[in-house]
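The exercises below are to be worked with the sequence and the coordinates open side by side. Each one sets a task and then solves it step by step.

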Amino acid sequence: GVQTCALPIFHLTFATPKKFLTQNFLEEDFKIEKIFLTLNRTKKLNRIYLYDFLKQNSLFDKFYYSFRFLNESNIDENFNDSKYAFNHIDIIDYYKKSLIHIITETKFEREKEIKLDDNCFISEKTFRALAFPRPFIIIGQQYILKYLKDLGFKTFSDLWDESYDECLDRKS
């Protein structure tokens with residue numbers, strides 16, 4: 001079975017404005033301007049794959065995005081300059097203006113052979129998406145969606161095929 005452990009709650013508050021955690025989200029506050037939102041701070045393989053995919057398919061206009069490791073963003077003019085940018089900009093507005101969140105989790109590359117019953121690392125990026133009433137796609141460790149489901153969270157298999165969660169070829 002799935003191993004149990006305390007969820008790393010410090011990830012929820014790390015790099016997350018307090019207003020985000022106390023906000024009441026009313027549908028009338030939502031004004032969708034872009035289909036996707038993706039926030040990417042440090043250089044990681046999954047974030048490079050996503051950036052390359054967006055560039056090759058000319059999809060930047062469909063996203064609110066930040067790729068700080070490349071100094072490319074259309075989120076906030078100060079986003080690239082701030083070491084703690086997630087704490088200093090009001091990212092709630094971008095969550096309200098986008099429909100689907102693309103989460104590039106901290107852990108992506110396999111450090112060891114992953115088994116179906118292994119715990120996955122879940123960061124503040126996923127916790128924010130769980131707290132916000134919008135669908136999300138995770139580019140993270142293999143079986144992370146299964147792990148979230150085992151913890152009792154609902155994912156979005158009714159909207160799209162989530163078999164990517166089982167994919168061994170992490171670039172696909």
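A residue counts as buried under 20% relative accessible area, as exposed over 50%, and as partly exposed in between. The model is a predicted one, and the solutions below should be read with that in mind.

**Exercise 1. Find the salt bridges and describe the surroundings of each partner.**

Step 1. The criterion is a side-chain nitrogen of Lys or Arg within 4 Å of a carboxyl oxygen of Asp or Glu, and under it the count comes to three salt bridges.

Step 2. One of them joins the side chains of lysine 146 and aspartate 150, with an N to O distance of 2.8 Å. These two residues are four apart in helix α7, residues 144-150, and are therefore separated by about one helical turn. In general, an α-helix has 3.6 residues a turn, so residues three or four places apart point the same way. Lysine 146 is partly exposed at 30% relative accessibility, and aspartate 150, with a relative accessible area of 38%, is partly exposed as well.

Step 3. Another salt bridge links lysine 149 to glutamate 162, at 3.2 Å from N to O. Because lysine 149 lies in helix α7 and glutamate 162 in the segment after α7, the pair ties together parts that are 13 residues apart in sequence. Lysine 149 is partly exposed, its relative accessible area being 39%, whereas glutamate 162 is buried, at 9%.

Step 4. There is also a salt bridge between lysine 154 and aspartate 158, with 3.5 Å from N to O, and both of these residues are exposed.

**Exercise 2. Determine which side of helix α3 is buried and what that side packs against.**

Step 1. Helix α3 covers residues 45-56, which makes 12 residues, and its span of 16 Å from the first C-alpha to the last is close to the 16 Å expected at 1.5 Å a residue.

Step 2. The buried residues in α3 are Asn46, Arg47, Leu50, Tyr51 and Leu54. They cover an arc of only 135° around the axis, and therefore lie on the same side of α3.

Step 3. On the face turned away from this buried side, α3 carries the exposed residues Lys55 and Gln56.

Step 4. The buried residues of α3 pack against several elements, including β2 (63-67), β4 (98-104) and α6 (124-131). Just after the helix, serine 58 takes a positive phi of about 50°.

**Exercise 3. Work out the strand order of the sheet and place the helices on it.**

Step 1. Five strands form an open sheet with mixed pairing, and their order is β3-β2-β1-β4-β5. Since β3 and β5 stand at the edges with a single partner strand each, one side of each is left without a neighbour in the sheet.

Step 2. Within this order, β1 and β4 pair in the parallel sense over three bridges, and the bridge partner of lysine 34 in β4 is serine 98.

Step 3. Helix α3 packs on the sheet and touches β1, β2, β3, β4 and β5, its direction making about 135° with that of β2. Helix α6 also packs on the sheet, touching β1, β4 and β5, and its direction makes about 155° with that of β4.

**Exercise 4. Locate phenylalanine 30 and classify its accessibility.**

Step 1. Phenylalanine 30 is placed in the loop between α2 (18-22) and β1 (34-40).

Step 2. With a relative accessible area of 11%, phenylalanine 30 is buried.

Step 3. The C-alpha atoms of phenylalanine 30 and aspartate 93 are separated by 8.6 Å, although the two residues are 63 apart along the chain.

How values were computed:
Residues are numbered from 1 along each chain as its sequence is written. This is a predicted model: local features need pLDDT of at least 70, side-chain atom pairs count only at pLDDT 80 or more; totals for chains, interfaces and linings use all residues. Side-chain values use heavy atoms; hydrogens and water are left out. Buried means under 20% relative accessible area, exposed over 50%, partly exposed in between (1.4 Å probe, protein chains only). The expected span of a helix is 1.5 Å times one less than its number of residues. The arc is that of the directions from the helix axis to the C-beta atoms. Contact means heavy atoms within 4.5 Å. Two strands pair if DSSP finds at least two bridges between them. Axes are lines fitted to C-alpha atoms, for helices over the stretch in contact, and angles run from 0 to 180 degrees between N-to-C directions.
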